[in-house]
Amino acid sequence: MSSKEEAKECILNWMKEQKKTKHYFNDLCKAVPEMSMREAKKLINELVSEGKLRYWTSGSTTMYMLPGADDVKKEEEGMV
Amino acid sequence: MALKHKTPMLYELTKGPWPSFVEDIKRLAERKPQCDDLLGQLELSYKDKEGHWKHGGIVGVFGYGGGVIGRYSDRPDLFPNVAHFHTMRVNQPASKFYTTDVLRKLCDMWEEKGSGLFNLHGSTGDIILLGTTTDQLEPIFYELTHELGMDLGGSGSNLRTPEGCVGRARCEWSCLDTQDIVYELTMTYQDELHRPMFPYKFKFKVSGCPNDCVAAIARADCSIIGTWRDKIRIDQEAVRAYVGGELVPHGGADGSEKRPLDIQAEVIDKCPTKCMEWDGKNLKIWDEDCTRCMHCINVMPRALRPGEDVGATILVGAKAPILEGAQLSSVVIPFMKMEPPYEEFHEFVGKMWDFWMEHGKNRERLGELIQRLGMREFLKAVELKPDPRMINTPRYNPYIFYDPADVPGGWSRDAKAYRERHQP
């Protein structure tokens, strides 16, 4: 596995270990402390494109979460 | 057609002398059931004295982390047509120049795929499309980008859509090509606009002159305000014409009647730095003391004009009163030429963002970070030297603390001996 893939795995594992479901970008970067924030951003966005992470936004702030089954449906039905 | 919901409290809002948004929505409600339920929910909010919207969510378009804000009714049982009522932000063209063709297409698209309601414009400058459902988000995005040549704007922890005044397109005072700067910022920072990575929002606003028509100094994390570094251009004949009552002062803004201008009371005495003098025939300006307040130019636009050696003052740190109180921007670069390809400015932006991303707390604006760590730390990070022009009253406000290592010869200080003479 390339170091890039390993770093992505670190981010996902870090998220799975947390109690909270939504995380700020700064917090996600803690999972890969050796990387610059700009490098981490590229990986995090790749994870979003691959469907392994999901944006959540209040309109003023953006956070990241792990995708679950039927997220959009649950949100629309007021279950989250 | 009778509407579904009775809205007596909203009706009160239609009684004033000005056009009412309630009347506008009612007109649309006759053919759009979302608007009928929207009025019903607003009436309920007035009755309950609390809002009934749930704000935020995961909805968006593929690949973008901004531009769509999820919105849901918390009473879908009563108002099913606004159960999902998402907002979309559309990146407005620089200085908001539209063709009527694009506006018609936008209206048609939104009538078909959304509620038919939109704001021109939100305080960020974007067009705000109000109210659609999740399944329509991708089709709307496709039509915006493929048929209308438009894109979504910024929201969340992104760079927000850059905004500028009308600039040289219609304003004789503009010292900058504001449209070119807005376009340059928008295109260069596409990734920052659509894919969030900042601690919080970040706004660029560009004003062509110190009149600051987009209020960049009050709203933007980085304000770019046009200025000049040579002398105000004076047409003495025109000054005498204002005094003699041959020209209308203030460009007609306070009445279109010609009247003699009391130049002493209306111009000279109102100059904040008292850098002007009128001897009855000629106006003299000591430009080295001018702070670019624009008052004299605004009063006598035919007689006075900004200088010819134009550029921008760069300021940072403004914000509205959310979390911490409101702040105005502080000057960090008194003068920059701001000409394509804007390399000097881009270099500054890169350093500024690196500093903010590294040290900013979650939901901390750049201005709040500077307030917390100090302007000295910011200036170090962006590799700028302190300058008296960064300070409002340099002789009375020692805003910058110098580091002994930065001053030739340095100095030493015995803190213990100082404390023996001064109590903490």
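Two exercises with worked solutions follow, one on the contact between chain B and chain A and one on a nonpolar core.

The model is predicted, so that local features need pLDDT of at least 70 and side-chain atom pairs count only at pLDDT 80 or more, while totals for chains, interfaces and linings use all residues. Residues are numbered from 1 along each chain as its sequence is written, and side-chain values use heavy atoms, with hydrogens and water left out.

**Exercise 1.** Determine how many residues each chain gives to the contact, and what area is buried between chain B and chain A.

*Solution.* Step one is to take contact as heavy atoms within 4.5 Å, which gives 37 residues from chain B and 25 residues from chain A. Step two concerns buried area, the accessible area (1.4 Å probe) that two parts lose on being put together, summed over both; here this area is about 2,500 Å², with 51% given by carbon and sulfur atoms. Step three finds that I58(B), M197(B) and N362(B) supply 26% of the area that chain B buries against chain A, more than any other three residues. Step four counts 3 salt bridges between the chains, each a side-chain nitrogen of Lys or Arg within 4 Å of a carboxyl oxygen of Asp or Glu; D354(B) and R38(A) meet in a salt bridge at 3.1 Å, N to O.

**Exercise 2.** Identify which residues F348(B) touches, not counting residues up to four places away in sequence.

*Solution.* Applying that exclusion, one finds that F348(B) touches C222(B), I314(B), V316(B), V332(B), I333(B), F378(B), V382(B) and L384(B).

Note on methods. Chains are lettered from A and ligands numbered from 1 in the order in which they are written.
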